Amino acid sequence: MATVHLRIGDLVWGKLGRYPPWPGKVVSPPKDLKKPRGKKCHFVKFFGTEDHAWIKVEQLKPYHAHKEEMIKINKGKRFQQAVDAVEDFLKKAKGKEQNSDGKGESKGKKTPNKPLKILEEDDEDLSALKDPSEKDLTDSDPEPSTIERLGAGPGSGFKWESSPVKDDPHFHHFLLSQSEKPASSMEPISKRLKIIEEDSGSTSIQAADSTAINGSITPTDKRIGFLGLGLMGSGIVSNLLKMGHVVTVWNRTAEKCDLFIQEGARLGRTPAEVASMCDITFSCVSDPKAARDLVLGPSGVLQGIRPGKCYVEMSTVDPETITELSQVITSRGGRFLEAPVAGSQQLSNDGMLVILAAGDRTVYEDCSSCFQAMGKTSFFLGEAGNAARMMLILNMVQGSFMATIAEGLTLAQATGQSQQTFLDILCQGQMASTFVDQKCQNILQGNFKPDYYLKHIQKDLRLAISMGDMANHPTPMAAAANEVYKRAKALDQSDNDISAVYRAYIH
């Protein structure tokens, strides 16, 4: 195949590893991201996704020349949305060209930019070729997440040169498929990019983006069980069913199962029955005691475990509980994985959770389509207990941060400052985030409908402080925040959202 000569701004079809071709645009990489050594490739932003990746030149084809062929072999909804995004881009570009007549810009270019330089295939730093009018990726583009969003199967009828992918058979590791040595050739693409593989003592840490296009996930043929239909579990089960998984559900309050039975789920009478009927059983309950009772109690999961059965603990608990559950499950010949999730009820409903997994790697791989259905990203963190530790640290930070924001809002009020103005200023600064905006707006509106229970974040703070004590590591900020949440609980805020910690400051 002849070498494809491309310029920044050119529209292309890009193929990455085993994934189908997808429309994209050649862009400049961030200044701190260098091209993988020895690879002739371009940095591509894909339309209709949150993805950017280095793509080898032999895996790139001009957009217009192959448009009709690609449309014929790809029929997915998200694919069509991506093509529509390309057409919108072209219309806007054409309009800008027309508006720039008489300003020294020639007509007929794909973009309103100045003439673009040809990319040299052996350049080490492509950012040197960045056109001045090209926006920096980190300014406005969405966060990179995963090329696995691009589809689940190869584009039949479209021939590309083979490109072996040296990574996990179930997940594509972002920006890694073109690198010889993932751990050493990976360069940061802003603080949002995740570490792919690193040695930290005996623990192998590997991050894997696992979101796929809705409707493009190929569900596992394994029978799935799910125990616990609370704020998080309900959204997870709904998405598993939507993506075609066969799911058997159980909940302590049986009435919560009714809606999912109507959606196609099967009903399990006890945790033991679910575990015996299913190949992989997930659980998501409130705390360590509930997690232990579910496994070890009467008609518990352990009674249904047989050799080869998989149990996935998604509850946020302490590492000691995980170790205990792992030992009892494996003692019966079962396989164990912990997979707590970072997120909220809304993110659970949207299938945008972040999954932290640790334990049996083969179970992690078997859960691939399930994790794709319920989350946007999954991380495999090595031996059992590591995910619990990481989850507690994350929730410790989130809980402490929420308490500080509440303290700032009430201090603003106490000193005669506008709380709304405080929020407006905050959301224009470095701490701006959807989390801050939504939580503060809810506080100002007096809306404390739970998206994540206050009692659960207090439990996580308590467990994180205990974990710090065992590691002989001080956690004074978390300890202070924990006291504020305990006061909020005393004010009957346990079943409200974590933002109700605000009320601890006004009573």
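## A guided tour from strand E12 outwards

Select strand E12 and strand E13 (residues 335-338): the two run parallel and are joined by four bridges. Helices (H or I, at least four residues) and strands (E, at least two) are DSSP runs, numbered from the N terminus, and two strands pair if DSSP finds at least two bridges between them. The model is predicted: local features need pLDDT of at least 70, side-chain atom pairs count only at pLDDT 80 or more, and totals for chains, interfaces and linings use all residues. Residues are numbered from 1 along each chain as its sequence is written, and side-chain values use heavy atoms, with hydrogens and water left out.

**Strand E12 and its partners**

Select glutamate 313 next; its bridge partner in E13 is glutamate 338. Then add strand E11 (residues 280-283), which runs parallel to E12 and is joined to E12 by four bridges. Here isoleucine 280 stands opposite cysteine 310 of E12.

Now display the side chains of E12 (residues 310-313). Cys310 and Val312 point one way, while Tyr311 and Glu313 point the other way. In a regular strand the side chains alternate between the two faces of the sheet. Are these four residues of E12 buried or exposed? All are buried, where buried means under 20% relative accessible area, exposed over 50% and partly exposed in between (1.4 Å probe, protein chains only).

**The loop before E12**

Select proline 307, located in the loop between helix H9 (301-304) and E12. Proline 307 has a relative accessible area of 68%, so this residue is exposed. Leaving aside neighbours within four places in sequence, proline 307 is in contact with Arg332 and Gly333; contact means heavy atoms within 4.5 Å. Select isoleucine 329 as well: proline 307 and isoleucine 329 are 22 residues apart in sequence and 9.5 Å apart in space, C-alpha to C-alpha.

**Helices H8 and H10**

Isoleucine 329 leads to a helix pair, for it is among the residues of H10 that touch H8. Select helix H8 (residues 288-296) and helix H10 (residues 319-331), whose axes lie 10 Å apart at an angle of about 5°. Because angles under 35 degrees count as roughly parallel, over 145 as roughly antiparallel, 65 to 115 as roughly perpendicular and the rest as oblique, H8 is roughly parallel to H10. Axes are lines fitted to C-alpha atoms, for helices over the stretch in contact, and angles run from 0 to 180 degrees between N-to-C directions. On the H8 side, the contact is made by Pro288, Ala291, Arg292, Val295 and Leu296.

**Alanine 388**

Move to alanine 388 in helix H14 (residues 386-414). With 3% relative accessibility, alanine 388 counts as buried. Which residues does alanine 388 contact, leaving aside neighbours within four places in sequence? They are Val317, Asp318, Pro319, Ile322, Glu338 and Pro340. The C-alpha atoms of alanine 388 and glutamate 338 are separated by 7.7 Å, although the two residues are 50 apart along the chain.

**The antiparallel sheet**

Finally, select the five strands that form an open sheet in the order E4-E3-E2-E1-E5, with antiparallel pairing. Strand E4 (52-56) and strand E5 (60-62) stand at the edges, each with a single partner strand, so one side of each has no neighbour in the sheet. The twist averages 45° from one strand to the next. Within the sheet, strand E2 (residues 22-26) and strand E3 (residues 41-46) pair over three bridges; lysine 25 has lysine 45 of E3 as its bridge partner. Add helix H1 (residues 63-73), which packs on the sheet and touches strand E1 (11-14), E2 and E5.
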